[in-house]
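Biologist: I should like a close look at a single part of this model, namely the surroundings of the ligand. Please describe that part in detail and then place it within the chain.

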Amino acid sequence: MDRVEKILLILMLGMSTSSFADVNLVKDKQCMQCHDVTAERIGPSFQRIAKRWKGNPVAEQLLMSTIQQGTQDGGGQHWSSKANMPNSQERPLVSNDEAKKIVKWIMGLSV
Ligand code: HEC
């Protein structure tokens, strides 16, 4: 393998393992009970969320807060008046680091 090939391989491995890890994180935290990447379920699809908040400077802070604390205690209602994202007592806890990773992953889904 020459140097360029090695660099490419390292880049590819890095990218695929990190986005796999983030999907697994979202699954572990039971987000997929209410969300899907492309389909509308109880909550909006992650792609629609990404599209809505793309380029918004407060998005990371706001989405992290909703992911950690739920709709009411976190970033507030934005999608429907019928359903809420539950707060942290009713879901697995999400740390700051994890929330940051999840927001990055969601924003990367925007098409
Ligand atoms: C019990 C169902 C449920 C679970 C579990 C759930 N969500 Fe949600 N989520 C919702 C609903 C409903 C909304 C829409 C709330 C609204 O109208 O603003 C939402 C909204 C969101 C939003 C958009 C917030 C906004 O203001 O635009 C994000 C991001 C999100 N969820 C991420 C997650 C992540 C990450 C997890 C796992 C840690 C998760 N959700 C788990 C139901 C759920």
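Modeller: By class, the shell around the ligand consists of 15 nonpolar, eleven polar and two charged residues. The model is a predicted one, and the description that follows should be read as such. In total, 28 residues surround the ligand, and the closest are C31, C34, G43, W79 and M85. Among the helices, α3 and α4 each supply at least two residues of this shell. The most is given by α3, with four residues.

Two of the closest residues, C31 and M85, also appear in the UniProt record, where an unreviewed entry places the feature "binding site" at C31, H35 and M85. These three positions span 55 residues in sequence, yet no two of their C-alpha atoms are more than 10.2 Å apart, so they gather at one spot.

H35 is found in the loop between α1, residues 3–28, and α2, residues 46–53. H35 counts as buried because 20 C-beta neighbours lie inside 10 Å, and 20 is the number at which a residue is classed as buried. When residues up to four places away in sequence are not counted, H35 touches R41, G43, S45 and F46.

M85 belongs to another loop, the one between α3, residues 59–73, and α4, residues 96–107. M85 has 23 C-beta neighbours inside 10 Å and therefore counts as buried. With its neighbours within four places in sequence left aside, M85 is in contact with G43, T66, G70 and T71. G43 is thus a contact of H35 and also a contact of M85, and it is listed among the residues closest to the ligand.

The loop that holds M85 is also the place of G74. G74 is partly exposed, with 19 other C-beta atoms within 10 Å. Its contacts, leaving aside neighbours within four places in sequence, are S65, T66, Q68 and Q69. T66 therefore links two parts of this account, as a contact of G74 and as a contact of M85. G74 and N87 are 13 residues apart in sequence, and their C-alpha atoms are 8.1 Å apart in space.

Q69, one of the contacts of G74, lies in helix α3. With 18 other C-beta atoms within 10 Å, Q69 is partly exposed. Q69 touches G74, N87 and S88, residues up to four places away in sequence not being counted. The C-alpha atoms of Q69 and A21 are separated by 22 Å, and the two residues are 48 residues apart along the chain.

On the other side of the sequence, the loop between α1 and α2 contains Q30 as well as H35. Q30 has a positive phi of about 65° although it is not a glycine. Q30 is exposed, with 11 other C-beta atoms within 10 Å, whereas H35 is buried.

The nonpolar packing of the chain also involves C31. The largest nonpolar core has twelve residues in all: V26, C31, F46, I49, A50, L63, I67, V94, A99, I102, V103 and I106. The helices α2, α3 and α4 each supply at least two residues of this core, and the largest share, four residues, comes from α4. C31 belongs to this core and is among the residues closest to the ligand. F46, another member of the core, is one of the contacts of H35. A99, also in the core, touches M64, I67, Q68 and V94, not counting residues up to four places away in sequence.

As to the chain as a whole, it has four helices and zero strands, and its pattern along the sequence is α-α-α-α. Its C-alpha atoms fill a box of roughly 55 × 25 × 25 Å, taken along the principal axes. Buried residues make up 16% of the 111 residues. Of the contacts with a separation of 6 or more, 52% are between residues 24 or more positions apart.

Confidence remains to be considered. The mean pLDDT of the protein chain is 90, and 93% of its residues reach 70 or more. Confidence is lowest in α1, at a mean of 78, and highest in α2, at 97. Where pLDDT is low, the predicted coordinates should not be read in detail.

Technical notes
Residues numbered from 1 in each chain as written. Predicted model: local features only at pLDDT ≥ 70, side-chain atom pairs only at ≥ 80, totals over all residues. UniProt positions renumbered as here; feature names shortened; annotations may be inferred. Contact = placed C-beta atoms within 7 Å. Near = placed C-beta within 6 Å. Nonpolar A, V, L, I, M, F, W, Y, C, P; charged D, E, K, R; others polar. pLDDT = per-residue confidence, 0-100. Core = buried A, V, L, I, M, F, W, Y, C linked by C-beta atoms within 7 Å.
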